[in-house]
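Got the viewer open? Let's take a walk through this model, one selection at a time.

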Amino acid sequence: MRAEHFASNEDTIVALATAQGVGAIAVIRLSGKEAFQICNQVFKSKDLTKQPSHTLHFGTIRDEDKIIDEVVVSLFIAPNSFTKENVVEISCHGSNYIVRQIIQLLVKKGARLAKPGEFTKRAFIHGQFDLAQAEAVADLIAADSEAAHHAALNQMRGGFSNEIKKLREELIHFASMIELELDFSEEDVEFASRDDLKQLVNNLLQVITALIKSFNLGNVIKNGVPTVIAGKPNAGKSTLLNALLNEEKAIVSDIPGTTRDFIEDEINIEGISFRFIDTAGLRETKDKIEAIGVERTHEKMKQASLIIYMFDLSNTDPMEIGKEINQLENLGIPFIAVGNKIDKATATMLEKAKDFNLTLLSALNKENLETLKAKIIEAVNLDTFKTGDTIVTNLRHYESLLQTQNALNDVITGIDNSITNDFLALDIRQALHHLGEITGEITTDDLLGNIFSKFCIGK
Ligand code: GDP
């Protein structure tokens with residue numbers, strides 16, 4: 001399967017590896033058999049084809065006699081490079097004009113523009129890493145919270161790939177034993193003990209089920225914990241949201257030189273991002289009186305992994321608090337009940353609030369927000385993340401794991417019902433197929449195309 005891909009890999013590809021836009025330095029990457037020869041034609045200082053791997057060389061890039069820039073080139077001789085091909089990285093000054101000129105020049109000398117994700121695809125095809133690891137490269141680049149970074153890095157460095165590969169090999173062993181039995185079907189021999197097979201499949205199912213379960217957490221880590229702020233009108237929902245967001249904005253803009261656009265409605269607490277669902281309405285509909293009681297926000301709350309439910313302590317009947325907390329408990333989604341406006345509430349009310357275990361704060365005065373944040377972290381229970389267990393963050397892996405689980409369940413049912421060997425072998429092969437899809441032992445051009453086209457050019 002993999003050999004086919006080599007054919008299209010003869011070209012030497014080129015792309016800007018650093019971000020678009022003006023920076024002090026930009027890096028242009030060339031990869032392929034002719035990388036050194038092509039660069040040599042435009043680089044003046046020494047013959048690059050005669051230099052050792054992993055060396056840096058200062059010189060100029062010229063179009064005939066015209067100097068385009070002074071640059072440093074780094075050389076990586078195959079297979080000791082990211083793509084396992086010959087790679088040249090040209091660090092030039094970060095002007096868009098210079099970058100364009102150099103790339104055009106390299107194309108004129110025989111390179112071709114890289115397609116999205118083509119560097120990573122080549123690295124995968126040449127066995128630098130498996131498919132799940134290649135996908136983690138994209139996740140690592142996109143990670144903008146500590147948790148997302150941790151999960152992606154873990155996966156890129158092997159993550160669950162190794163575990164899956166090991167189990168897959170054991171299963172392959174059983175599959176071949178059972179297929180061997182088929183050859184001896186007249187003689188009624190049993191090379192593969194059905195009890196051992198069942199034991200192995202059950203082990204596999206345990207691992208797979210844990211990975212499937214980790215996807216909820218993985219998804220949350222990658223995309224943020226979906227969070228809803230709910231409560232009656234005027235409870236202080238938008239004030240709280242703004243207080244949380246503004247704090248974050250202040251932190252971000254305190255870092256000198258940050259030009260990063262602030263991501264609306266997302267806050268980062270202890271390295272985990274929390275994404276607020278449907279908060280546009282909170283800001284816009286100041287005058288629209290919406291009776292947003294528990295019942296009417298059910299739909300919205302059901303999408304959440306965490307609900308922050310607010311009460312206006314200066315203006316709520318304690319009976320009402322008890323009733324609404326009851327309804328929240330029935331939803332079965334982690335929630336934090338907040339008693340807001342402690343600056344305005346009576347001492348009696350504050351005392352009563354204790355009965356309901358409310359988190360007391362003043363959104364307006366930004367008082368006790370730290371307590372709320374601690375509760376938020378506690379509520380989402382990210383222990384799995386902290387213990388460093390393997391977490392599935394990729395939807396494609398999740399779907400293949402579900403299909404593997406189905407096939408393995410079929411194997412168990414098959415053994416229990418003593419189905420014939422050929423059907424048993426078929427079910428095992430099915431499970432192997434889906435497992436192999438995750439790490440890339442089983443690939444199709446469509447699958448690869450689909451995965452790598454989601455990368456940017458230059459990756
Ligand atoms: P929402 O309808 O739930 O989004 O409520 P708002 O955030 O718009 O707040 C309603 C009113 O309560 C506004 O006038 C806020 O200034 C006020 N408010 C919000 N939080 C507090 C608080 O902690 N203390 C006091 N005194 N007023 C608050």
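Before the first stop, a handy term: two residues are in contact if their C-beta atoms, placed from the backbone, lie within 7 Å. A word on the model too: it is predicted, local features need pLDDT of at least 70, side-chain atom pairs count only at pLDDT 80 or more, and totals for chains, interfaces and linings use all residues. Residues are numbered from 1 along each chain as its sequence is written.

**The whole chain**

Start zoomed out. The chain has 18 helices and 13 strands; these are DSSP runs numbered from the N terminus, with helices (H or I) of at least four residues and strands (E) of at least two. Of the 459 residues in the chain, 36% are buried. Here a residue is buried if 20 or more other C-beta atoms lie within 10 Å of its own, exposed if 12 or fewer, and partly exposed in between, with C-beta atoms placed from the backbone. Take the contacts between residues at least 6 apart in sequence: 66% of them join residues at least 24 apart.

**Leu56 and its partners**

Now select Leu56, which sits in strand E4 (residues 55–63). Is Leu56 buried or exposed? Leu56 counts as exposed, because 11 other C-beta atoms lie within 10 Å. Add Val72 and Ser74 to your selection: Leu56 is in contact with both, leaving aside its neighbours within four places in sequence. Then pick Glu89, 33 residues from Leu56 in sequence, and check the C-alpha to C-alpha distance, which is 9.4 Å.

**Helix H3**

Next, select residues 96–108, helix H3. Its end C-alpha atoms are 18 Å apart, which agrees with the 18 Å that 13 residues should span at 1.5 Å a residue; the expected span is 1.5 Å times one less than the number of residues. Colour Val99, Ile102, Leu105 and Leu106, the buried residues of H3. Looking down the axis of H3, you'll find these buried residues within an arc of 135°, so they line one face of the helix. That arc is taken from the directions from the helix axis to the C-beta atoms. A general point helps here: an α-helix has 3.6 residues a turn, so residues three or four places apart point the same way.

Spin to the other side of H3, where Asn96, Tyr97, Arg100 and Lys108 are exposed. What covers the buried residues of H3? The cover includes strands E1 (13–16), E2 (25–31), E4, E5 (66–76) and E6 (87–93), plus helix H2 (35–40). After H3 comes Gly110, with a positive phi near 125°.

**The loop between E5 and E6**

Go to Pro79, in the loop between E5 and E6. A cis peptide bond joins Ala78 and Pro79, with omega about 5°. In the loop between E5 and E6 you can also select Lys84. Lys84 is not a glycine, yet has a positive phi of about 70°. Lys84 counts as partly exposed because 18 C-beta neighbours lie inside 10 Å.

**Around the ligand**

Select the ligand and the 16 residues around it; Gly236, Lys237, Thr239, Ser362 and Leu364 come nearest. A residue is near a molecule if its C-beta atom, placed from the backbone, lies within 6 Å of it. The shell divides into five nonpolar, seven polar and four charged residues. In that count, Ala, Val, Leu, Ile, Met, Phe, Trp, Tyr, Cys and Pro are nonpolar, Asp, Glu, Lys and Arg are charged, and the others, Gly among them, are polar. Which helix gives the most to the shell? Helix H9 (residues 237–254) does, with three residues.

Stay on H9 and pick Ser238. An unreviewed UniProt entry places the feature "binding site" at Ser238 and Thr259; such annotations may be inferred rather than shown by experiment. Ser238 is partly exposed, because 18 C-beta neighbours lie inside 10 Å.

**Last stop: Ala243**

Ala243 is also in helix H9. Leaving aside its neighbours within four places in sequence, Ala243 is in contact with Ala363, Lys366 and Leu369. Ala243 and Ala363 are 120 residues apart along the chain, with 6.6 Å between their C-alpha atoms. Finish on Lys366, in the loop between strand E13 (359–360) and helix H14 (369–380). Its phi is positive, near 55°, in a residue other than glycine.
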